[in-house]
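Hi,

Here is the structure I promised to pass on. Have a look at it first, and my notes follow below.

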Amino acid sequence: MAAEIHSRPQSRRPVLLSKVEGHQDAVSAALLIPKEDGVITAGEDRTIRVWLKRDSGQYWPSIYHTMASPCSAMAYHHDSRRIFVGQDNGAIMEFHISEDFNKMNFVKTYPAHQNRVSAITFCLASEWLISTGHDKCISWMCTRSGSMLGRHYFTSWASCLQYDHETQHAFVGDYSGQITLLKLEQNTCSVITTLKGHEGSITSLWWDPVQRLLFSGASDHSIIMWDIGGRKGRTLLLQGHHDKVQAICYIQLTRQLVSCSADGGIAVWNMDISREEAPQWLESDSCQKCEQPFFWNIKQMWDTKTIGLRQHHCRKCGQAVCGKCSTKRSSYPIMGFEFQVRVCDSCYESIKDEDRTSLATFHEGKHNISHMSMDISRGLMVTCGSDRIVKIWDMTPVVGCSLATGFSSR
């Protein structure tokens with residue numbers, strides 16, 4: 001499998017299958033209907049729509065429902081055909097879709113939040129509806145009774161959510177750049193740990209329960225892989241986007257990570273290799289190469305009668321260096337740096353040409369992407385955003401031939 005991934009031609013790219021247009025405002029969420037040629041969309045224009053592919057090859061709306069408030073988040077459970085739609089006013093509404101996807105019946109309203117709903121997860125086993133919102137909290141409610149079970153508050157807007165159904169652990173990303181790991185109980189919860197590594201708000205999370213890996217995307221344009229299951233607490237940094245990372249999906253079978261950014265960038269990262277952890281940045285009052293003082297080191301500047309220099313950091317070794325000792329730039333994909341970053345001159349000399357070979361492929365979605373969803377079994381992806389357009393992609397050219405053997409084609 002690894003050999004197939006490594007030998008994949010760089011020219012292969014996602015194939016745009018369809019564009020779905022009709023929303024009058026930004027599309028907040030779009031989900032592919034499993035085993036069907038259909039898409040469910042929810043938008044800031046207060047509508048939920050179900051689009052089915054007709055014989056002509058075009059997608060036409062079979063359901064068009066208007067809500068009281070702009071739609072901000074959505075979850076769909078295919079086996080029970082239940083849709084949960086979060087709104088800007090903090091409420092979540094549940095609907096049931098008919099078998100032919102031509103009718104949608106209202107079930108109930110959940111008073112989940114006091115402000116915009118940012119993410120929703122439904123757990124059938126416990127009949128829990130779990131959500132996060134801009135009222136700085138995570139809430140979990142009983143879908144049988146519609147009643148609130150518990151709430152937990154954060155210091156910032158809660159922006160995204162992932163949930164481990166087996167262990168009842170929730171991962172919540174917030175606008176301060178922190179991720180909180182919670183253990184949810186029937187009416188209470190406990191904070192297990194907080195993860196800090198991003199320099200911007202958390203915009204997307206993906207949890208892989210098999211390898212126990214958490215991936216986070218942020219407004220600092222980077223992705224971090226957190227090894228939750230490993231005892232070392234290992235983290236890997238991935239930098240290849242030029243705008244905030246809005247959506248991520250890890251394909252466990254092929255060990256590939258798909259990520260999308262606000263500028264339309266689509267990246268496919270090869271995680272099936274041994275990557276290096278980026279070093280912690282070291283602090284020093286003087287350059288760790290030439291020992292020239294940095295500008296805040298008044299004493300050494302006075303003693304040596306020299307002007308202080310700006311502090312920089314080598315991305316490969318983490319040392320604090322001055323500009324004269326770090327004149328070079330280099331990519332270093334094995335450490336996650338897909339574009340050129342500052343390295344000290346000695347590290348630059350140690351990087352071989354083969355070390356600069358990209359471990360990701362980059363593609364242009366040609367529209368703002370604020371939300372992405374994948375149907376991994378068919379190699380399909382749907383993207384949507386502020387341009388009101390929904391795009392459906394065939395990702396099999398870039399996510400590997402392993403799909404043909406690992407999944408049933410539909």
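**What turned up**

Let me begin with a loop residue: Lys136 sits in the loop between strand 11 and strand 12 (137–142). Keep in mind throughout that this is a predicted model. The phi of Lys136 is near 65°, a positive value in a residue other than glycine. That caught my eye because most residues other than glycine have a negative phi. With a relative accessible area of 35%, Lys136 is partly exposed.

Glu127 is another case of this kind: its phi is positive, at about 55°, and it is not a glycine either. You'll find Glu127 in the loop between strand 10 (117–123) and strand 11 (128–133). Buried or partly exposed, what would you say for Glu127? The answer is buried, since its relative accessible area is 12% and the cut-off for buried is under 20%.

Now the aromatics. How many aromatic pairs does the structure hold? There are 7. One to look at is Trp157 with Tyr175: the ring centres are 5.0 Å apart and the planes are at 80°, so this pair is edge-to-face. Trp157 belongs to the loop between strand 13 (148–153) and strand 14 (158–164), while Tyr175 belongs to the loop between strand 15 (169–174) and strand 16 (178–184), so the pair ties together parts that are 18 residues apart in sequence. Both partners count as partly exposed, Trp157 at 35% relative accessibility and Tyr175 at 41%.

Elsewhere, Phe84, Tyr110 and Phe122 are linked into a cluster by ring pairs. There is also a charge over a ring: Arg356 lies over the face of Tyr348, 5.1 Å from the ring centre.

On to the second largest pocket, which encloses about 650 Å³ of space. It is lined by 18 residues, and the closest to its centre are Gly197, Glu199, Leu237, Ala278 and Pro279. Which strand gives the largest share of the lining? That is strand 21, with 4 residues. Strand 20 (222–227) and strand 21 (235–239) each supply at least two residues of the lining. Sorted by class, the lining of this pocket has 8 nonpolar, 5 polar and 5 charged residues.

As for annotation, the UniProt record (an unreviewed entry) has "repeat: WD" over residues 20–51, 195–228 and 238–279. In the model, residues 20–51 are 0% helix and 59% strand, and the C-alpha atoms at the ends are 8 Å apart. For residues 238–279 the figures are 0% helix and 50% strand, and there the end C-alpha atoms are 13 Å apart.

Last, a long-range contact in sequence terms. Asp387 and Gln24 are 363 residues apart in sequence, yet their C-alpha atoms are 9.4 Å apart in space. Gln24 falls within residues 20–51, one of the stretches annotated as "repeat: WD" in the UniProt entry. Asp387 has its place in the loop between strand 31 (380–384) and strand 32 (389–394). At 28% relative accessibility, Asp387 counts as partly exposed.

If you open just a few views, I'd go for the Trp157 and Tyr175 ring pair, the lining of the second largest pocket, and the pairing in space of Asp387 with Gln24.

Cheers

Key
Residues numbered from 1 in each chain as written. Predicted model: local features only at pLDDT ≥ 70, side-chain atom pairs only at ≥ 80, totals over all residues. Heavy atoms only, no water. Phe/Tyr/Trp six-rings, centres within 6.5 Å; stacked < 30°, edge-to-face > 60°. Buried < 20%, exposed > 50% of the residue type's maximum accessible area, 1.4 Å probe, protein only. Lys NZ or Arg CZ within 6 Å of the ring centre and 35° of its normal. 1 Å grid on protein atoms, 1.4 Å probe; cavity = no way out; pocket = protein on both sides within 12 Å on 5 of 7 lines; lining within 4 Å. Points joined across faces, edges and corners; volume = space filled by probe spheres on them. Nonpolar A, V, L, I, M, F, W, Y, C, P; charged D, E, K, R; others polar. UniProt positions renumbered as here; feature names shortened; annotations may be inferred.
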